[in-house]
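Colleague: Could you take me through one part of this model in detail? I would like a close look at one sheet, and then a word on how it sits in the rest of the chain.

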Amino acid sequence: MKSVIELKKINKQFKEKQVLTDISLNIGKGECVALLGKNGAGKSTLLNIILGLFYPTTGEIAVNETKQDIGFLSQKTQFPDDVTVQEMLDFVSSFSSNPLDSNEIDTVLGFEKNKYKQLVYTCSGGEQRLFDMCLAIINRPKLLIIDEPTSGMDTSTRQHFWQLVKQLKEAGTTIFFTTHYIEEVDYCADRVILLDEGVIQADNTPYHLRTLNKKKVITIEKEIYQEFEESLSNLIIKNQLSITTKNDVLVIIFKNEQTNEVISELLQTGIPFDNIEITNTSLLETIFQSGIDKERSEVDASTN
Ligand SMILES: Nc1ncnc2c1ncn2[C@@H]1O[C@H](COP(=O)(O)OP(=O)(O)OP(=O)(O)O)[C@@H](O)[C@H]1O
């Protein structure tokens with residue numbers, strides 16, 4: 001497969017801070033690759049380096065598409081406050097030799113006719129995000145780089161958005177994206193790259209990543225736990241299980257290999273199984289959880 005992006009031993013420092021360390025990766029033509037990592041892992045920095053917006057401190061980059069064939073949706077959507085939707089579309093289209101036509105734009109945006117006369121900044125956050133995506137693909141890019149594309153979109157806009165990405169993928173577009181939503185990886189990524197503190201920790205299919213670091217999570221209401229505290233404490237200490245409390249529930253986490261032993265001992269405590277929940281977790285879920293927590297704290301901050 002011909003490589004569209006080739007990175008060799010990319011390092012990036014901001015002053016003394018090492019943000020990316022020895023990043024080497026290839027993205028092939030037509031691949032759809034998700035880049036995941038906790039806040040501050042270096043995802044946007046890596047995208048900016050690929051786009052030529054930041055220089056790496058050391059390392060080699062090759063992007064085998066011309067600038068005209070690259071589309072980019074940045075993490076933050078920002079528009080001037082005196083431009084209408086139509087004016088912005090006309091302006092951005094004027095840089096392309098074969099821009100999307102008005103029917104194609106209608107399909108991407110799903111806006112009513114009146115919306116085109118509206119000032120862009122007065123559109124809702126989700127509409128602006130979708131509009132920003134429309135501008136990113138107006139030149140029919142062969143390589144599309146999108147950074148947390150669906151933040152601020154409601155569920156139906158998000159579904160519409162990924163349907164659009166799926167169509168672009170089917171048409172052969174190479175796509176590299178970051179996200180904090182696990183279902184978005186499942187929806188269209190062929191490959192997932194996990195970045196942790198600027199280092200690639202895994203680069204594999206979503207299915208394979210779900211098998212890494214598999215754990216079981218038992219959630220028990222505190223009241224029930226208190227009733228069976230003695231036998232549950234013995235079980236936890238004996239098997240060296242990790243335990244945390246969250247609101248009104250107690251969460252016990254253990255390795256997948258311990259499942260049979262822990263469950264059979266749990267049965268012996270006499271705890272009613274209809275009062276507890278047992279779920280699976282993996283490295284992929286752990287990474288996503290940090291993203292979800294970030295989004296929650298942003299929502300909390302904006303509503304306080
Ligand atoms: N221009 C800059 N100058 C100095 N430090 C920077 C700059 N850009 C990014 N950083 C730092 O680099 C680190 C990685 O930031 P980056 O934005 O790449 O992370 P991220 O993985 O995209 O995070 P998030 O998921 O929160 O968007 C952070 O510690 C950030 O503060």
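Modeller: Happy to; I will begin with the sheet that contains β11, then widen the view to the rest of the chain. Please keep in mind that this is a predicted model.

The sheet is an open one built from four strands, and their order is β11-β12-β10-β13. The pairing in this sheet is antiparallel. At its edges stand β11, residues 242–246, and β13, residues 276–281, and each of these pairs on one side only. On average, neighbouring strands here are turned by 25 degrees against each other, with direction ignored.

Now for β11 itself. Its partner is β12, which covers residues 249–255, and the two pair in the antiparallel sense over five bridges. You can follow the register residue by residue: Thr 244 has Val 251 of β12 as its bridge partner, and Thr 245 has Leu 250 of β12. Between β11 and β12 the hairpin has two residues, and Asn 247 takes a positive phi near 45 degrees there.

Is β11 buried or in the open? None of its five residues is buried, so β11 lies largely in the open. Burial here takes 20 or more other C-beta atoms within 10 Å of a residue's own. For the whole protein chain of 304 residues, the buried share is 29%.

Where does this sheet belong? The chain is divided into domain 1, residues 3–211, and domain 2, residues 215–281. The C-alpha centres of the two domains lie 41 Å apart. By its residue numbers, β11 (242–246) falls in domain 2 (215–281).

For a companion piece, look at another sheet, an open one with three strands in the order β2-β1-β4. Its pairing is antiparallel. Here β2 (17–28) and β4 (58–63) are the edge strands; each has a single partner strand, so one side of each is left without a neighbour in the sheet. The twist from one strand to the next averages 15 degrees. In this sheet β1, residues 3–14, pairs with β4 over five bridges in the antiparallel sense, and Glu 6 stands opposite Ala 62 of β4.

The helix α4, residues 125–137, makes a useful contrast with the open setting of β11. Its buried residues are Glu 127, Arg 129, Leu 130, Phe 131, Asp 132, Met 133, Cys 134, Leu 135 and Ile 137. These pack against β5 (70–73), α2 (85–93), α3 (102–109), β6 (143–147) and α5 (155–170). The length of α4 checks out too: at 1.5 Å a residue its 13 residues should span 18 Å, and the end C-alpha atoms are 19 Å apart, which agrees.

Stepping back, the protein chain has 11 helices and 13 strands. Its C-alpha atoms fill a box of roughly 70 × 45 × 40 Å along the principal axes. Among contacts with a separation of 6 or more, 74% join residues 24 or more positions apart. As for records, an unreviewed UniProt entry carries the annotation "domain: ABC transporter" over residues 5–222. That span is 31% helix and 30% strand, and its end C-alpha atoms lie 51 Å apart.

Methods:
Residues are numbered from 1 along each chain as its sequence is written. This is a predicted model: local features need pLDDT of at least 70, side-chain atom pairs count only at pLDDT 80 or more; totals for chains, interfaces and linings use all residues. Two strands pair if DSSP finds at least two bridges between them. Axes are lines fitted to C-alpha atoms, for helices over the stretch in contact, and angles run from 0 to 180 degrees between N-to-C directions. A residue is buried if 20 or more other C-beta atoms lie within 10 Å of its own, exposed if 12 or fewer, and partly exposed in between; C-beta atoms are placed from the backbone. Two residues are in contact if their C-beta atoms, placed from the backbone, lie within 7 Å. Domain bounds come from an automatic or database domain assignment. The expected span of a helix is 1.5 Å times one less than its number of residues. UniProt positions are given in the numbering used here, feature names are shortened, and annotations may be inferred rather than shown by experiment.
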